[in-house]
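I wanted a quick look through this model before planning anything at the bench. These are my notes, in the order I looked things up.

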Amino acid sequence: MAHSPAIAMTKGRGAYRVLVQRKKLVLLALAVVLVLSVIADLGLGPARYSMHEVVLALMGSPDVSEQISVVIWDIRMPVALMAVVVGAALSAAGAQMQTILNNPLASPFTLGISAAASFGASVALVFGVGFLPWAIDYVVSLNALIMAMLAALFIHFMSQRRGVTVETIVLLGITLVFTFNALLALVQYLASEQALTAVVFWTMGSLTRATWPKLAITTAVVAVSLPLFMRRAWALTALRLGDDKAASFGVNVRWLRLETMMIISLLAAVPVAFVGTIGFIGLVGPHIARMLVGEDQRYFLPASVLSGAAILSLTSVISKSIVPGTIFPIGIITALVGVPFLFSLIMSTRRRAW
Amino acid sequence: MVATLQLTDVGVRYGKQDVLAGVTTPVLKGGEVTAVIGPNAAGKSSLFRRIAGLLDGPGDIRVDNGTSGAQASHVCYMPQDTSVNTVLTVYESVLLARKQGAPRKVSDEDLQEVDRVLFSLRIDPIAFKGLNELSGGQRQLVSLAQVLVREPKILLLDEPTSALDLHRQVEVLALIRSLAREREICVVLAIHDLNQVLRVADRVMVIDAGTMVSCGPVEAVITPTLLQNIYRVDGRIERCSRLCPHVIIDGPLELA
C-alpha cells in the first residue's frame with residue numbers, strides 16, 4: 001500500500017471532521033424527535049382535542065376556548081416538560097455514573113440511589129404528614145434528596161477502596177436496592193392506610209405530580225449541572241482510558257470523581273424526589289447515546305441528555321395511549337420497556353465493549 | 001533549556017511497607033535514554049508511578065532543577081497496563097490526550113499533531129477503530145501515541161514494547177531514540193530485553209528487590225556479573241562482526 005506521508009497525514013484530520021459533523025447531525029436529529037414527542041404529548045390526554053386546537057393554544061391564539069388553553073398550559077404543559085427534564089436529568093446522571101464507575105450497568109436505578117430516595121420519601125409521607133402539611137411536597141422531596149445523596153456517597157467511597165472491581169460495585173448496588181426496599185416495606189407496614197396509598201402511588205413514579213414550581217427546580221438543577229459536566233468534558237473522557245493514564249495527563253482523578261458523584265446524586269435525586277421512581281432511563285439513555293456518538297463527552301453527554309429526554313417523553317405518550325382516557329404511572333411503563341433492554345445488555349456485555 | 005530529571009533517595013511506600021527505597025540518580029538530561037532493568041516485581045513500575053506523581057513516598061524528584069515537578073505538564077508517563085474498555089477511537093483517544101489541561105477548543109494545530117504522531121508510529125490506518133477492537137500490540141502503540149502527542153520533555157515509558165513483534169520493537173525503539181535526540185527529550189524506559197538496552201540506551205539503572213543496585217553507562221553495568229547476580233543466568237557480552245555488544249546467554253546458573 002502506498003504510504004505517502006503528505007496524504008496520510010491529512011486524511012485523518014478530514015475523516016475526523018466528517019465524523020464530528022455526523023455526530024452533530026445525530027444530536028440535531030435527537031432534538032427533532034424530542035420536540036415532536038413533546039407536541040404529541042401535549043396533544044394527548046383524557047380530554048380530546050385536535051392537533052389544530054393544540055397548536056393554536058400553544059401559540060396563544062384567541063380563537064381557542066379558555067378551557068383548552070388552561071388544559072394545555074396548566075395541566076399538560078408542566079407534565080410534558082417534566083418528562084423532558086426528568087428524562088434529561090436521569091440520563092445525564094446515568095451517563096456520568098457509567099463513566100466514573102467504569103461500569104456499563106451503573107445508573108441511579110440499578111445502584112440503589114432511586115431506592116434510597118423512595119425510602120426517604122416514604123418516611124416523610126408516613127411519619128411527616130401531620131407535621132408540615134403546608135410544605136409536604138418539599139419535605140418528601142428533601143428526604144428523598146438526602147437519602148439519595150447518602151447512597152451515592154456510600155457507593156462512591158466504597159468504589160474508592162483498593163481491589164474494588166466493576167462487579168463489586170454492581171453487587172454493592174444490589175445490596176443497597178434490597179436494603180432500601182426492605183426498609184421501605186417496613187415503613188409501609190407501619191403506615192396508616194391513607195399514608196400507605198400515598199407511598200405506593202409515590203413509588204410507582206408518575207409525571208402527573210408535576211407542577212410549575214417543581215418543574216422550575218428540576219430544570220434549574222439540570223441547567224446548573226450540565227455546564228459543569230461540559231466544562232470537564234476532556235477530563236471525564238480521559239477517565240475512560242484508565243485512572244493511571246488520566247492522572248498522568250494531570251487530571252485530579254479522585255477530586256473529579258467526588259465532584260461528579262455529588263452532581264450525579266443531585267441529578268438523580270431531584271427527579272425521584274418530585275415524580276417518584278422512574279427506572280431504566282438512566283441506563284437506556286446513555287447506552288443509546290454511546291451507540292450513536294461514542295464516548296467523547298463533548299457529544300456523549302448531550303446525546304445522553306437528548307435521548308433520555310426523548311425516551312421519557314415518548315414513554316409519556318405511550319402511557320396515555322394504551323388505554324385512551326387513562327394515564328398509566330410512567331414508572332410502570334419504563335420498567336416494562338426497560339427490563340428486556342437491560343436483559344439484552346447483560347447478555348451482550350461479553351461481546352461488545354458495552 | 002534542556003530538560004533534566006534527578007532522583008535523590010526516592011522511595012515508594014504502600015501503607016507501612018517500603019516497596020522501593022534509595023533510588024538516586026545523576027542528573028538525567030534531555031537527549032539521553034535511560035533504561036530501567038531488573039527482574040519482575042523488582043519495583044520498576046512503582047518507580048515510574050512515583051516519578052509520574054501517582055504514588056507518594058520519601059525522597060526528592062527534581063525536574064528542571066525545580067523541586068518535585070512530578071506533576072509538571074511536560075512529564076508524560078505511559079503505564080504498563082494499556083487495557084481499556086472503551087469505544088473511543090484511536091484518533092479520539094490521542095486527541096483527548098493532547099487536550100488535557102489545554103484550551104477546550106480543538107485547533108487545526110491539534111489535529112495536525114495527532115495526524116503526525118499517528119503517522120510516525122504507523123498506526124494511521126487504524127485511526128478510526130475503537131480501542132476495544134485493538135490487539136495488545138496496537139494498544140501499546142496507541143498508548144505511546146497518547147504520550148508523544150503531548151510533546152513531552154520528560155518521557156517515562158513502562159515497558160512500551162512488551163507486546164510488540166520484533167520488527168515493531170526495533171522500529172519503535174529507534175523512533176524513541178531519535179525523538180530523544182531531536183527534541184532533547186529525557187527518556188526513562190523500563191525494558192526486559194538487554195540486547196535492546198545495549199542498542200538504544202545511554203545509561204542503565206538496575207532495580208532489584210526494591211532497591212537500586214547500580215546506575216551507569218550501559219556497557220559498564222551490563223556485565224556477566226550482573227547476569228549472574230540479578231538474573232541468575234550464565235552469560236557473556238561479546239561484540240558482533242559490526243563491533244556492537246551483544247548479550248549471549250549460555251543457560252541458567254547452576255545452583256550450588
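The entries below go from each chain to the contact between chains, then to single residues.

**Entry 1: chain A, overall**

I noted at the start that this is a predicted model. I began with the secondary structure of chain A. I found 14 helices and 0 strands. Read from the N terminus, chain A is α at each of its elements: α-α-α-α-α-α-α-α-α-α-α-α-α-α.

Next I looked up the dimensions. The C-alpha trace of chain A spans about 75 × 55 × 35 Å along its principal axes. I then checked the radius of gyration. Chain A has 22 Å, which agrees with the value near 20 Å for a compact globule of 354 residues.

I also looked at burial and contacts. Of the 354 residues of chain A, 49% count as buried. I took the contacts in chain A with a separation of 6 or more, and 79% of them come from residues 24 or more positions apart.

**Entry 2: chain A, annotated spans**

I turned to the UniProt record. Its entry is unreviewed, and it lists several stretches of chain A as "transmembrane region", among them 79-97, 109-132, 169-191 and 326-347. I checked two of these against the model.

Residues 79-97 of chain A are 100% helix and 0% strand. The end C-alpha atoms of that span lie 26 Å apart. Residues 169-191 of chain A are 96% helix and 0% strand. There the end C-alpha atoms are 32 Å apart.

**Entry 3: chain B, overall**

Chain B has 8 helices and 14 strands. Its radius of gyration is 19 Å, close to the 18 Å that the globule rule gives for 256 residues, so chain B is as compact as a globular protein of that length. The C-alpha atoms of chain B fill a box of roughly 65 × 40 × 35 Å along the principal axes.

I repeated the burial lookup. Of the 256 residues of chain B, 44% count as buried. For contacts in chain B between residues at least 6 apart in sequence, 64% join residues at least 24 apart.

**Entry 4: the two domains of chain B**

Chain B is divided into domain 1 (1-74 + 152-223) and domain 2 (82-151). I looked up the C-alpha centres of these two domains of chain B, and they lie 23 Å apart. Their contact takes 10 residues from domain 1 and 9 residues from domain 2. On the domain 1 side, helix H5 (residues 166-183) of chain B gives the most, with 3 residues. That side has 7 nonpolar, 1 polar and 2 charged residues.

**Entry 5: where chain B touches chain A**

I counted the residues in the contact. It takes 34 residues from chain B and 27 residues from chain A. On the side of chain B, strand S8 (75-78), helix H2 (90-99) and helix H3 (108-120) each give two or more residues. H3(B) gives the most, with 7 residues. By class, this side of chain B has 17 nonpolar, 11 polar and 6 charged residues.

**Entry 6: a strand pair in chain B**

I looked at strand S1 (residues 4-8) of chain B and its pairing with S6(B). The two run antiparallel and are joined by 4 bridges. B:Leu7 has B:Ile61 as its bridge partner in S6(B).

Which residues of strand S6 (residues 60-63) of chain B point to the buried face? B:Ile61 and B:Val63 do. B:Asp60 and B:Arg62 point to the other face and are not buried. In a regular strand the side chains alternate between the two faces of the sheet.

**Entry 7: three loop residues in chain B**

B:Thr82 sits in the loop between S8 and H2 of chain B. Is B:Thr82 buried or exposed? It counts as buried because it has 27 C-beta neighbours inside 10 Å, and the cut-off for buried is 20 or more. Beyond its neighbours within four places in sequence, B:Thr82 is in contact with B:Arg139, B:Gln140 and B:Ser143. B:Thr82 and B:Pro103 are 21 residues apart in sequence and 26 Å apart in space, C-alpha to C-alpha.

B:Glu151 is in the loop between helix H4 (136-148) and strand S9 (154-158) of chain B. Its phi is near 50°, a positive value in a residue other than glycine. B:Glu151 is partly exposed, with 14 other C-beta atoms within 10 Å.

B:Arg232 is in the loop between helix H8 (224-229) and strand S13 (233-239) of chain B. Phi of B:Arg232 is near 55°, also a positive value in a residue other than glycine. B:Arg232 is exposed, with 12 other C-beta atoms within 10 Å.

Note on methods. Residues are numbered from 1 along each chain as its sequence is written. Chains are lettered from A and ligands numbered from 1 in the order in which they are written. This is a predicted model: local features need pLDDT of at least 70, side-chain atom pairs count only at pLDDT 80 or more; totals for chains, interfaces and linings use all residues. Two residues are in contact if their C-beta atoms, placed from the backbone, lie within 7 Å. Ala, Val, Leu, Ile, Met, Phe, Trp, Tyr, Cys and Pro count as nonpolar, Asp, Glu, Lys and Arg as charged, and the others, Gly among them, as polar. The radius of gyration is taken over C-alpha atoms; the globule rule is 2.2 Å times the number of residues to the power 0.38. Domain bounds come from an automatic or database domain assignment. UniProt positions are given in the numbering used here, feature names are shortened, and annotations may be inferred rather than shown by experiment. Two strands pair if DSSP finds at least two bridges between them.
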